[in-house]
Amino acid sequence: MANYKNMIPKVLKWEGGWSDDPADSGGATMKGVTLATFRRYYGLDKTKSDLRKITSAQWSHIFKIGYWDRMNADDIRNQSLAELCVQTVWGSGPGWIRNIQRAIEVKDDGIVGPKTLAALNANPSRNFHRIWEARRVFFFNLCYHPDADAPNGVRPTKNAKFYKGWINRLNDYKYSE
């Protein structure tokens with residue numbers, strides 16, 4: 001079974017600090033936790049200053065309860081598949097559970113129950129690669145739109161500045177048995 005503690009260093013490698021880029025639709029983040037998420041767990045009165053001071057215990061609680069457990073990742077047998085699923089939800093929100101379900105061809109109800117877990121565990125390599133590719137396409141489509149008049153057939157969106165970082169992070173997730 002997968003273990004959330006094994007994933008923490010990888011998450012913090014990419015989410016290790018403070019960011020408050022006005023172009024980022026997620027808003028201010030510290031260690032990858034948005035202010036909105038921080039407020040859901042620790043009170044609506046929390047400020048950016050409070051978020052900047054997030055403790056390791058607070059961060060771990062949000063990561064474990066809000067993302068790892070939401071994905072029922074303890075019940076995913078393959079660590080790399082569990083990490084990719086959790087990173088997907090961490091990076092784009094719990095709504096992405098439906099996209100994971102579509103990628104592995106199960107009913108997309110947004111609930112990681114016995115059927116989704118059985119499907120994930122039935123063919124972890126295939127499912128890893130399907131979810132990975134769905135993420136890659138998602139990032140590309142966020143950053144570029146078709147444009148027949150553009151030299152390469154696409155034009156960048158306001159998110160294009162984040163593309164390289166998102167792809168580098170995605171490339172850090174590799175399948176292993």
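Buried here means under 20% relative accessible area, exposed over 50%, and partly exposed in between. All views show a predicted model.

**View 1. Phe38 and Tyr42 pair within helix H2.** The model holds 15 aromatic pairs. In one of them, Phe38 and Tyr42 are tilted, with 5.4 Å from centre to centre and 40° between the planes. Both residues belong to helix H2, residues 35-42. They sit four residues apart, about one turn of the helix. Phe38 has a relative accessibility of 2%, so Phe38 counts as buried. Tyr42 reaches 25% and is therefore partly exposed.

**View 2. Trp59 and Phe63 stack in helix H4.** The ring centres are 5.2 Å apart. The planes differ by 5°, and this pair counts as stacked because the angle is under 30 degrees. Helix H4 spans residues 56-68 and holds both partners. Here too the spacing is four residues, about one turn of the helix. Trp59 and Phe63 are both buried.

**View 3. Five aromatic residues form one cluster.** The members are Trp96, Phe138, Phe139, Phe162 and Trp166.

**View 4. Two lysines sit over tyrosine rings.** Lys10 lies over the face of Tyr173, 4.5 Å from the ring centre. Lys64 places its charged end over the ring of Tyr4. That distance is 5.2 Å to the ring centre.

**View 5. Helix H2 has its buried residues on the same side.** Leu35, Thr37 and Phe38 are the buried residues to find in H2. They cover an arc of only 160° around the axis, so they lie on the same side of H2. The buried residues of H2 pack against strand S3, helix H3 (48-52) and H4. Gly43 follows H2. The phi of Gly43 is positive, near 115°.

**View 6. Three strands make an open antiparallel sheet.** The strand order is S1-S2-S3. Strand S1 (18-19) and strand S3 (33-34) stand at the edges. Each has a single partner strand, so one side of each lacks a neighbour in the sheet. Strand S2, residues 29-30, runs antiparallel to S3 and is joined to S3 by two bridges. Thr29 has Thr34 of S3 as its bridge partner.

**View 7. Thr157 is buried in a loop.** The loop connects strand S5 (154-156) with helix H9 (160-171). At 18% relative accessible area, Thr157 falls under the cut-off and so counts as buried. Its side chain reaches the backbone oxygen of Leu142 at 2.6 Å. Neighbours within four places in sequence aside, Thr157 contacts Leu142, Cys143, Tyr144 and His145.

**View 8. Val154 is a buried residue of strand S5.** The relative accessibility of Val154 is 19%, which means that Val154 counts as buried. Its contacts include Phe140, Tyr144, His145, Pro146 and Asp147, with residues up to four places away in sequence left out. The C-alpha atoms of Val154 and Asn141 are 9.9 Å apart. In sequence, these two residues are 13 residues apart.

Note on methods
Residues numbered from 1 in each chain as written. Predicted model: local features only at pLDDT ≥ 70, side-chain atom pairs only at ≥ 80, totals over all residues. Heavy atoms only, no water. Phe/Tyr/Trp six-rings, centres within 6.5 Å; stacked < 30°, edge-to-face > 60°. Buried < 20%, exposed > 50% of the residue type's maximum accessible area, 1.4 Å probe, protein only. Lys NZ or Arg CZ within 6 Å of the ring centre and 35° of its normal. Polar contact = N/O pair within 3.5 Å; in protein donor to acceptor, adjacent residues only side chain to side chain. Contact = heavy atoms within 4.5 Å. Pairing = 2+ DSSP bridges. Arc of directions from axis to C-beta.
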